[in-house]
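Hi,

Here is the structure I promised to pass on. Have a look at it first, and then read on for what turned up.

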Amino acid sequence: MRIGVIGGGAWGTALAQVAAAGGEETLLWAREPEVVEAVNLRRENSVFLPGISLSTAIRATDALDDLAGCEALLVVTPAQHMRRVLAGLPALAVPLVLCSKGIEEGSAKLMHQVAHEAQPAAAIAVLSGPTFAHEVAAGLPAAVTLAIADQAAGEAVAARIARPNFRPYLSDDLTGAEIGGAVKNVLAIACGVVEGRGLGQNARAAIISRGFAEMTRFGLARGARAETLAGLAGLGDLVLTCSSTSSRNFALGKGLGEGADAKALLADRKTVAEGAFTAPVLRQAAADAGVEMPIVGAVCDLLAGSASVDAVVENLLSRPLRAEGL
Ligand SMILES: NC(=O)c1ccc[n+]([C@@H]2O[C@H](COP(=O)([O-])OP(=O)(O)OC[C@H]3O[C@@H](n4cnc5c(N)ncnc54)[C@H](O)[C@@H]3O)[C@@H](O)[C@H]2O)c1
Ligand SMILES: O=P(O)(O)OC[C@H](O)CO
């Protein structure tokens, strides 16, 4: 097996399909035996990515040890599980391409920091950008940022995963690529709220734009480059995720905007809405860095059930007037 994928959710399965489309034998590790069985027997991940016929070059397993012989690993667990899953593998020397979007609760660490601690000998790359899994798995065109410190290693990984309809753009800014993907999830919840409460398209555009200002302030404070945040992994993904109920984060926000209870919405989920986990740790990390993120704060209050939609909207609209620049 040449490429291994850790995580049999929608995105891991879609990325396995991308890898297999290039003729790579691909091993997909999934936690759920029913996913392993469905992929191997029916060539479909009917649990997390129904309706997509999967390549015969994909084999699924529920044994992490089977990944030992892979030449590169795509890591696609939900962010809060990445440390434990990577620590459960033997020491790895193959490149790890991190495809999850989030900030670790408790430590406020980004996934490349978490992965480095769990697997210190592995070269780490971050793959992030505007990519709904079902579109990528269906072979529709998409472009992503592939961030890695070593340019030669990056070129090798890019060559390995690029496909005619899947285009990686290289960067060496892992922090920027990760902060873009993590923060946009929280902002997508805010845009879903706007939709659910019927606040209009002008308000949604304002949230995208002012949210991008928050992302940029926080990113710069953590060492990201502005050009990365304005690229595929930041602004590109923000625009995608803030515009469609195909986004689980947007859909969660829409439910909140319609007046549903946050706890009930979250308890009901089989799939992951990363923004719900990222929001509180992001708010704390921003406060620690002295960065204002009022939209992120509003999402936190809604998720915690500590304020109504109307109250957080009034709060945002009554902030002191200020210059637009950062
Ligand atoms: N779905 C997308 O379109 C998409 C696109 C780009 C990035 N991502 C990112 O990929 C990551 C995975 O999302 P997804 O959409 O593939 O997942 P998903 O919502 O389709 O499925 C949930 C996943 O969580 C896993 N899981 C649940 N409990 C777990 C545990 N205790 N330990 C380990 N794994 C556990 C399940 O096995 C499953 O793989 C997220 O960080 C997400 O932001 C998703
Ligand atoms: O469904 P979401 O909100 O997790 O978004 C999926 C991807 O991150 C979009 O790029």
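Gly198, just after helix α7, takes a positive phi of about 70 degrees. Please keep in mind that this is a predicted model.

The helix before that glycine, α7, covers residues 174-196. Its 23 residues, at 1.5 Å a residue, should span 33 Å, and the C-alpha atoms at its ends lie 34 Å apart, so the expected and computed lengths agree. Helix α7 is also mostly covered, with 22 of its 23 residues buried.

One of the helices it meets is α10 (residues 232-241): the two axes come within 8 Å and cross at roughly 20 degrees. Because angles under 35 degrees count as roughly parallel, α7 is roughly parallel to α10. The crossing in which α7 passes α10 is right-handed.

Now to the strands. Strand β2 (residues 26-29) and strand β3 run parallel and are joined by four bridges. In this pairing, Thr26 is the residue opposite Ile58 of β3. Between the two strands the chain goes through helix α2 (residues 33-42), making a β-α-β crossover that is right-handed.

Which residues of β3 make up its covered face, and which its uncovered one? In this strand (residues 58-61), Ile58 and Ala60 form the covered face, while Arg59 and Thr61 form the uncovered one. That fits the general pattern: in a regular strand, side chains alternate between the two faces of the sheet.

Happy to talk any of this over once you have had a look.

Best wishes

Notes
Residues numbered from 1 in each chain as written. Chains lettered and ligands numbered in written order. Predicted model: local features only at pLDDT ≥ 70, side-chain atom pairs only at ≥ 80, totals over all residues. Buried ≥ 20, exposed ≤ 12 C-beta atoms within 10 Å, placed from the backbone. Pairing = 2+ DSSP bridges. Right-handed = clockwise from strand over helix to strand, strands pointing away. Expected span 1.5 Å × (residues − 1). Axes fitted to C-alpha atoms, helices over the stretch in contact; angles between N-to-C directions. Parallel < 35°, antiparallel > 145°, perpendicular 65-115°, else oblique. Left-handed = near helix turned anticlockwise from the far one by under 90°.
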